[in-house]
Amino acid sequence: MKNSTFKKNEIKLKPAEWMSKVVNYAQIKNAGLAIWKLPQDNTIHILYDLDGGTKLDEVNLDDLEAGFILAPFQAAENPNIHFKTDIKGSFSLDLVNNSLDELIELQWEKIKSEEEDSIIKTNIESLHKRLKKTVSINSTSKKDYINTVKAGINAIKTEELYKVVPSKIKCVNIEETLDIADAYLKACAKYTDAFVSLTFSPTSGLWMGATPETLIEDKKNEYFKTVALAGTQVKTENNVIHTAWTQKEIEEQALVSRYIINCFKKIRLREYEEIGPKTIQAGSLLHLKTTYKVDTKALNFPELASVMLKLLHPTSAVCGIPKEKALEFLAEKESHNRSYFSGFIGPVRMYDQSHIFVNLRCCQFTSNKVIFYAGAGITIDSDPEKEWFETEMKCKVLEDIVFHT
């Protein structure tokens, strides 16, 4: 059962039908499932943990076997989950786009009996209907969010905070059956520069995301990378190349950059390469991005990724500065559980590389609704109405795909 792989067969399933079969199997077997595509890569990876994933008290990358990690914003509210690689495989997104008949079929006979074959069949309708209903939850109102933004601005004016990142949820009722697998494939095709994921476990439920923000990229005995990503504008035909960033957006991004540099200072790391800031596109949104790269081989610092993960998370891009004061503010003002939104997610130690991303632009599926999550960085120059609009635009990244509007 260990180290099972995929094999190529000619089959007559459409891509979304085949992907639905993959998710159905995880739900029926209570297995852990991670499906993902790295930025600027056309390969879709699939991984099963037949035990449903392992809950971890803390995440130490050096102690983990190759697999996939899903971590919450706050570990006290939801567990860290590690998926081991009982079954893994990959296929090209180009293959999905260009040929409906030639896909990769799972070696079903290695993981199920013939009796289960009648249950595990292509059934797009079942994906969200199999999920347990969550407790009653409502969208964050515009009034409540704007009041939180105003409270954040006041806290910054009194120098209690320098920046804070309040979040909101947007709940959309499911009026008819959703084609979640098709939505995932469309997200992969549309958000080529994002980490696009679809995950399931009995503990976390079913999530989808298309995040632009790298938290940690680590290649064993070679390099470590992290990024400062902040500032948001809606892309127009005129501002893709020449973007006029406001003082508020520039300062917001600078605060995130200083936060990373301060983490380096805590471990007395002074040798790093700083690239940026530069404008990057994430779907219909634009952001400012600065990349930090460290030669871990030259510094003889192979454990840097584990050390920095503990220092960085939750970053100032999703929490605020100073971190502890921002966490206290958010705990008081946010009425919802962020769950795995603004946590971190990605493959770890796969082929001697880890690619961990901040879990942004994500949504959670329940049997009767989809919950979209978004936040906005608040500084002293913030306009509450504009911050609300920014969160609406961030929710639309996946909302338009899930509901095909």
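**Notebook: pockets, cavities and odd residues**

I began with the largest pocket, where strands E13, E14, E15 (273–282), E16 (285–294) and E19 (353–358) each supply at least two residues of the lining. I note here that the model is predicted.

**Entry 1. The largest pocket**

I looked up the volume of the largest pocket and found about 570 Å³. Its lining is made of 21 residues, and Pro 39, Gln 40, Asp 193, Thr 214 and Lys 289 lie nearest the centre. Which strand gives the largest share of this lining? It is E15, with 5 residues. Sorted by class, I have 9 nonpolar, 5 polar and 7 charged residues in the lining of the largest pocket.

**Entry 2. Gln 40**

I went back to Gln 40, since it is among the residues nearest the centre of the largest pocket. Gln 40 is located in the loop between strand E2 (32–37) and strand E3 (43–49). Is Gln 40 buried or exposed? It counts as exposed because its relative accessibility is 69%, and the cut-off for exposed is over 50%. I also wrote down its phi, which is positive at about 55 degrees, although Gln 40 is not a glycine. For most residues other than glycine, phi is negative.

**Entry 3. The chain as a whole**

I then stepped back to the whole chain, which has 11 helices and 21 strands. Of its 405 residues, 58% count as buried. I looked up contacts between residues at least 6 apart in sequence, and 75% of them join residues at least 24 apart. The accessible surface of the chain is about 18000 Å², with 46% of it belonging to carbon and sulfur atoms.

**Entry 4. Cavities**

How many cavities of 30 Å³ or more does the structure hold? I count 4. The largest cavity has a volume of about 220 Å³. I found 25 residues lining the largest cavity, with Ala 317, Leu 360, Arg 361, Gly 375 and Lys 394 nearest its centre. Strand E14 (223–234), strand E21 (369–375) and helix H11 (384–402) are the elements that give two or more residues to this lining. E14 gives the most, with 4 residues. By class, I list 11 nonpolar, 7 polar and 7 charged residues for the largest cavity.

The second largest cavity has a volume of about 50 Å³. Thr 214, Thr 226, Val 256 and Val 358 are among its lining residues. I note that Thr 214 also appears among the residues nearest the centre of the largest pocket. Strand E13 (214–219), E14 and helix H7 (247–266) each supply at least two residues to the lining of the second largest cavity. Its lining divides into 6 nonpolar, 3 polar and 1 charged.

**Entry 5. Arg 361**

I looked up Arg 361 because it is listed among the residues nearest the centre of the largest cavity, and the term cavity here means a space where a 1.4 Å probe fits but cannot get out. Arg 361 is in the loop between E19 and strand E20 (362–365). With a relative accessibility of 8%, Arg 361 counts as buried. Its phi is positive, about 45 degrees, and Arg 361 is not a glycine.

**Entry 6. Two cis peptide bonds**

I found a cis peptide bond between Gly 276 and Pro 277, with omega about 5 degrees. Pro 277 belongs to strand E15. Another cis bond runs from Ile 321 to Pro 322, with omega near -10 degrees. Pro 322 is in the loop between strand E17 (320–321) and helix H10 (323–333). Most peptide bonds are trans.

**Entry 7. Glu 399**

Glu 399 sits in helix H11. Glu 399 counts as buried because its relative accessible area is 15%, and the cut-off is under 20%. Which residues does Glu 399 touch, not counting residues up to four places away in sequence? I have Lys 170, Val 172, Phe 372 and His 404. The side chains of Glu 399 and Lys 170 are joined by a polar contact of 3.0 Å. Phe 372 is 27 residues away from Glu 399 along the chain, yet their C-alpha atoms are separated by 7.5 Å.

**Entry 8. Asn 80**

I found Asn 80 in strand E6 (residues 80–84). Asn 80 counts as buried, at 7% relative accessibility. Its side chain reaches the backbone oxygen of Asp 57 at 3.5 Å. Leaving aside neighbours within four places in sequence, the contacts of Asn 80 include Thr 54, Asp 57, Leu 70 and Pro 72.

**Entry 9. Helix H6**

My last look was at helix H6 (residues 180–190), where 8 of the 11 residues are buried. Among them are Ile 180, Tyr 184, Leu 185 and Cys 188.

How values were computed. Residues numbered from 1 in each chain as written. Predicted model: local features only at pLDDT ≥ 70, side-chain atom pairs only at ≥ 80, totals over all residues. Heavy atoms only, no water. Buried < 20%, exposed > 50% of the residue type's maximum accessible area, 1.4 Å probe, protein only. 1 Å grid on protein atoms, 1.4 Å probe; cavity = no way out; pocket = protein on both sides within 12 Å on 5 of 7 lines; lining within 4 Å. Points joined across faces, edges and corners; volume = space filled by probe spheres on them. Nonpolar A, V, L, I, M, F, W, Y, C, P; charged D, E, K, R; others polar. Contact = heavy atoms within 4.5 Å. Polar contact = N/O pair within 3.5 Å; in protein donor to acceptor, adjacent residues only side chain to side chain. Areas by Shrake-Rupley, 256 points an atom, 1.4 Å probe, with all protein chains shown as cover.
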